[in-house]
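Subject: Structure for you to look at

Dear colleague,

I am passing on a structure, with notes on its surface and its interior below. Please read them with the model open.

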Amino acid sequence: MAFSIRTRLTFWYVTLLTISLVAFGATFSYSLLKIFMNRTDNQISSVANMMVHTVIKPSGQLFLPRDFDIILERFFGIRTAGNYIQVLDPHGQPVAKSSNLEALSLPITGDTYNAAVNGATTFEIIRNVGRYPVRVVTKPILLKQKGLVAIVQVGSSLEGMDEIFHSLAYIFILGIIASIVIASAVGWFLAKKALKPVAEITKLARKIGAENLNERINVTTAQDEIGRLASTINDMIGRLEKSFKQIKQFTADASHELKTPLTILKGEMEIALRSKDNMEYMREALKSSLEEIDRMNYIVRNLLDLAKMDVEKESLPREPVNLEKVLKERLDHFKRLALDSGIQMYILKSSPVVVYGDSVRISQLMFNLIDNAIKYTPRGGAVELSLGEEDSRAVVKVKDTGVGIAKEDIPYLFDRFYRVDKARSRDVGGAGLGLSICKEIAESHGGSLEVASEVGKGSVFTARLPLAAPSPA
Ligand SMILES: Nc1ncnc2c1ncn2[C@@H]1O[C@H](COP(=O)(O)OP(=O)(O)O)[C@@H](O)[C@H]1O
Ligand SMILES: [Mg+2]
């Protein structure tokens with residue numbers, strides 16, 4: 001059976017309290033008993049000693065008057081004060097006893113008698129004399145010439161102590177029961193108070209869904225464990241909220257991006273239908289339609305790429321990739337385009353750098369960066385490529401003398417579908433996915449992608465990738 005934390009806390013609290021109280025009660029009673037016994041023993045001992053000196057004459061004869069306790073008190077000033085006194089002969093038979101014993105006598109066990117014969121004094125508690133237990137000291141009288149002449153027994157009723165211990169036990173039991181009741185109630189209440197934030201967290205977690213991710217747990221005490229738990233959960237909800245927003249934004253952007261070419265496509269088709277016999281019109285419309293289809297194709301391909309990369313982040317193929325080779329291939333690929341755009345493109349410096357990763361993706365990363373550099377650089381400009389090593393990382397730089405990027409756009413540059421100048425980018429083709437793909441590629445390889453730019457002067461994109469461990473050869 002599973003108990004709630006509140007029940008368990010209360011249970012432990014009460015159990016501990018009960019154990020402490022019982023332990024305290026037991027120690028207290030034991031100490032008190034010890035003190036009491038010591039006092040009683042001292043008292044009966046001293047009476048016994050005086051008895052020894054009183055009942056034996058200097059000649060060694062026993063002196064045993066009847067009612068001797070009264071005589072003791074009158075003539076010798078020994079206050080028997082309620083003590084039972086008994087004198088036994090060497091065989092253990094009573095020969096005299098104090099008047100308060102009346103018909104009773106203090107029994108002597110075999111062990112005690114043997115101890116007395118051997119000269120030892122014994123203290124014990126005897127229970128069958130009168131209503132209350134009696135503490136009894138048994139002391140032998142030994143003379144050098146005669147050996148054992150008598151045994152003196154002095155007993156003191158433990159009546160007072162018995163009463164005290166009864167009342168004490170009564171007080172303790174009542175006290176402990178009352179404490180348990182009070183402690184249970186207080187513990188139950190305190191546990192509820194301590195666990196209130198947990199109840200709040202549970203309540204909130206129960207009602208949170210995709211629609212109300214903006215809700216947060218009310219953190220009152222941030223310093224304690226529960227406070228930290230609450231803020232951790234808040235942070236987690238925060239991250240979820242952000243991811244949700246991004247996904248929503250992404251879906252909206254993707255639909256929008258696909259809708260534009262579809263609308264254009266529809267328009268073109270309608271023109272084509274209406275142009276009937278005009279071949280020239282028809283051709284124009286079809287050509288334009290093809291362009292839109294290419295555009296959609298491009299967007300969908302990029303979207304697929306991004307989706308794929310999200311999924312395969314962990315399982316990218318890993319092989320040695322010669323960056324210098326890839327860079328040269330990319331240069332060859334763009335040579336024609338650069339020439340047509342009136343842009344000078346060259347490799348400033350390069351070295352045989354090898355990284356470990358997916359050659360297709362790395363090639364795509366360079367493609368996108370060079371593609372952008374040419375797209376956003378006017379005629380007469382230059383695109384400069386370089387490859388090197390820095391802090392055991394491969395560094396690829398794509399630098400252009402193009403339009404540059406304003407400071408306020410830079411934080412969003414790598415976001416999906418982000419374009420600085422939407423109208424212009426549409427002319428040059430592109431959906432704002434290129435750089436987010438680049439960043440994704442760099443990061444999935446354990447690298448980074450950064451940009452430095454100045455409006456009107458140009459931009460530098462720097463990709464850093466971890467070097468492949470140098471092969472033993
Ligand atoms: N080399 C560059 N020079 C100036 N602006 C750039 C450069 N590269 C990218 N940008 C800006 O960043 C935006 C996002 O780039 P990208 O993700 O490749 O999208 P796309 O090229 O499809 O527009 C571009 O629209 C452009 O405004
Ligand atoms: Mg691009």
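**Cavities and a surface patch**

Helix α5 supplies the largest share of the lining of the largest cavity, namely three residues. Please keep in mind that this is a predicted model.

The structure holds two cavities of 30 Å³ or more. The largest has a volume of about 60 Å³. Ten residues line this largest cavity, and the closest to its centre are P197, N218, I226, G227 and A230. Two elements, α4 and α5 (225-274), each give two or more residues to that lining. Sorted by class, the lining of the largest cavity has six nonpolar and four polar residues, and no charged ones.

On the outside there is a nonpolar surface patch of about 480 Å², made by Y13, I182, V186, F189 and L190. Which helix gives the most to this nonpolar patch? That is helix α4 (residues 159-207), with four residues. Helix α4 therefore comes up twice in these notes: as a contributor of two or more residues to the lining of the largest cavity, and as the element that gives the most to the nonpolar patch.

One residue of the patch can be looked at singly. F189 lies in helix α4. Is F189 buried or exposed? The relative accessibility of F189 is 52%, and exposed means over 50%, so F189 counts as exposed.

Regards

Definitions and conventions
Residues are numbered from 1 along each chain as its sequence is written. Chains are lettered from A and ligands numbered from 1 in the order in which they are written. This is a predicted model: local features need pLDDT of at least 70, side-chain atom pairs count only at pLDDT 80 or more; totals for chains, interfaces and linings use all residues. Side-chain values use heavy atoms; hydrogens and water are left out. Patches are made of residues with over 30% relative accessible area and no salt bridge: like charges are joined within 9 Å, nonpolar side chains (Val, Leu, Ile, Met, Phe, Trp, Tyr) within 5 Å. Accessible areas come from the Shrake-Rupley method with a 1.4 Å probe; for residues, only the protein chains shown count as cover. A salt bridge is a side-chain nitrogen of Lys or Arg within 4 Å of a carboxyl oxygen of Asp or Glu. Buried means under 20% relative accessible area, exposed over 50%, partly exposed in between (1.4 Å probe, protein chains only). On a 1 Å grid over the protein atoms alone, a cavity is a set of points where a 1.4 Å probe fits but cannot get out, and a pocket is an open set with protein on both sides within 12 Å along at least five of seven lines; lining residues have an atom within 4 Å of a point. Grid points are joined across faces, edges and corners, and a volume is the space filled by probe spheres set on the points. Ala, Val, Leu, Ile, Met, Phe, Trp, Tyr, Cys and Pro count as nonpolar, Asp, Glu, Lys and Arg as charged, and the others, Gly among them, as polar.
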